[in-house]
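Here is a short set of questions for a first look. Keep the structure open while you read.

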Amino acid sequence: GEGVVRRDRFSGGPARSFLSSLEADRRIFEADLEVDRAHVLMLAEQGIVEDDVAGDVLTALDAIEVDGHDSLPDGEDVHEAIETAVIEQVGADGGKMHTARSRNDEVATCIRYRLREDVLEAIETTLALREALLDVAAEHTETIMPGYTHLQPAQPTTVAHWACSYEGAVARDTERLLEAYQRINQSPLGGAAFAGTTFDIDRERAAELLGFEGVVENSMDASSSRDFLLETTQALSTHATTLSGLAEDVIIFANRSFVDLADDYASTSSIMPQKKNPDTLELVRAVAGDAAGSVQGLTTTLKGLPRAYNRDLQRATTHAWETVDAVTEAGEVAAGAVATADWNEAALAAEAGEGFSTATGVADLLAANGLPFRTAHEVVAIAAENGSNYDALEAAAEDVLGEPLESYVDPGAVEDALDPAESVASRDSRGGPAPEAVAEQLEAAREALAAD
Ligand code: ARG
């Protein structure tokens, strides 16, 4: 019968396994069955195949689903193998399933169908991470910590301000993934090889049966374009980059005993008995490299591909699967590590003023009392080299201004500015670290999270 003809055509020769995507297509086995069901139902509704043939095909597809991917006959890919299996069960009429379509629109539909699900899962992990970060923030609006630029002590801030900073970045990652999702969620089915079909198909109906929001209009675009893969992989790579920074921060904080990871997210040494290592976060950090590599591989594969279908596309798809799996897992681990970590408030407070991190606040105070900011900067810079305390400020003021510090500013206010907690409390500009400013950020972030 026909099935034999099809299998003979995939002789493959020495290139057989190189050509075949059957194993990689395990990922879209269920999707292909759904696409087959929707297509054959639409064909029957349109009077293109007989109802009883469609019924037999649907029955066969159910049996194939029960048997699973491992029981498929050999084939160049899952589409061909499932079709062969249908024909084996239904007879030659099973071959009517492939009326008015091609594997080109079929595979594009399967990828979008499955990727939709995977991207939703990735989006959910971004939401879980945001929630974990906001929970940390809610608990630590008053937990003073050192803030860094160039990894040097810069200005004191709070754990809440730090956590909200990552929450904001992850929220944009969520948005990028949601946008990619909208463009994934369009059906290419019915584009056929690229040139449409003579049959009176109903593309909207097939799309609706598969839960797509609409159709990719142009049939050549529908079967050939993979910008949705690129966009999704890029959005995931961007998220992985955010995760890598978060992981790096926590690794550094663990190094300084500012934070203690839960045992579930730490690892030990096979030789050094005392060790507790942040391995999970190091792996999260590394996933950004894999994701960036996939973007590069995918971009290079797609670059310069002519219309319409080219087999290169078969190797494009795997980049997206690998990326969505790795980044989703990294996001889950990051969320778990953040949610279960213990912040060492005493160690953070002890170091919040390290490296004269209140210097900017003192300069701001002098400037607020009439000194040009540049002159204030100079006074404090000299004090920074001579003890970084009130006495050093007094001496520097005499030196630069030729007058006592008290003639410019109230000594009590200077003492406050030198205190890390007061320094944080005074920086209450919008988006700043002062507890009430962070409380506003938290509230807005909670609302945005609930809406996503
Ligand atoms: N397995 C192919 C892919 O993943 C789909 C089949 C299209 N093959 C073809 N020779 N036109 O892209």
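Q: How many nonpolar, polar and charged residues does the shell around the ligand have?
A: This is a predicted model. The residues around the ligand include Ser-21, Asp-77, Arg-103, Val-107 and Leu-313. Sorted by class, the shell has 3 nonpolar, 4 polar and 3 charged residues.

Q: Which elements give two or more residues to the shell around the ligand?
A: Among the shell residues are Arg-103, Asn-104 and Val-107, and also Leu-313, Gln-314 and Thr-317. The elements that give two or more are α6 (103-139) and α12 (312-340).

Q: How many residues does the contact take from domain 1 and from domain 2?
A: The domain assignment places domain 1 at 2-99 and domain 2 at 108-191 + 217-350. Their C-alpha centres lie 36 Å apart. The contact takes 9 residues from domain 1 and 9 from domain 2.

Q: What percentage of the chain over residues 356-425 is helix?
A: UniProt, in an unreviewed entry, places the feature "domain: Argininosuccinate lyase C-terminal" at these residues, 356-425. The end C-alpha atoms are 17 Å apart. Strand makes up 0% of the stretch, and helix 70%.

Q: Over which residues is the pLDDT below 50?
A: The chain has a mean pLDDT of 95, and 97% of its residues reach 70 or more. One stretch has a pLDDT below 50, with 15 contacts in the model beyond near neighbours in sequence. Where pLDDT is low, the predicted coordinates should not be read in detail. The stretch is residues 1-7.

Note on methods:
Residues are numbered from 1 along each chain as its sequence is written. This is a predicted model: local features need pLDDT of at least 70, side-chain atom pairs count only at pLDDT 80 or more; totals for chains, interfaces and linings use all residues. A residue is near a molecule or strand if its C-beta atom, placed from the backbone, lies within 6 Å of it. Helices (H or I, at least four residues) and strands (E, at least two) are DSSP runs, numbered from the N terminus. Ala, Val, Leu, Ile, Met, Phe, Trp, Tyr, Cys and Pro count as nonpolar, Asp, Glu, Lys and Arg as charged, and the others, Gly among them, as polar. UniProt positions are given in the numbering used here, feature names are shortened, and annotations may be inferred rather than shown by experiment. Domain bounds come from an automatic or database domain assignment. Two residues are in contact if their C-beta atoms, placed from the backbone, lie within 7 Å. pLDDT is the predictor's confidence in each residue, from 0 to 100.
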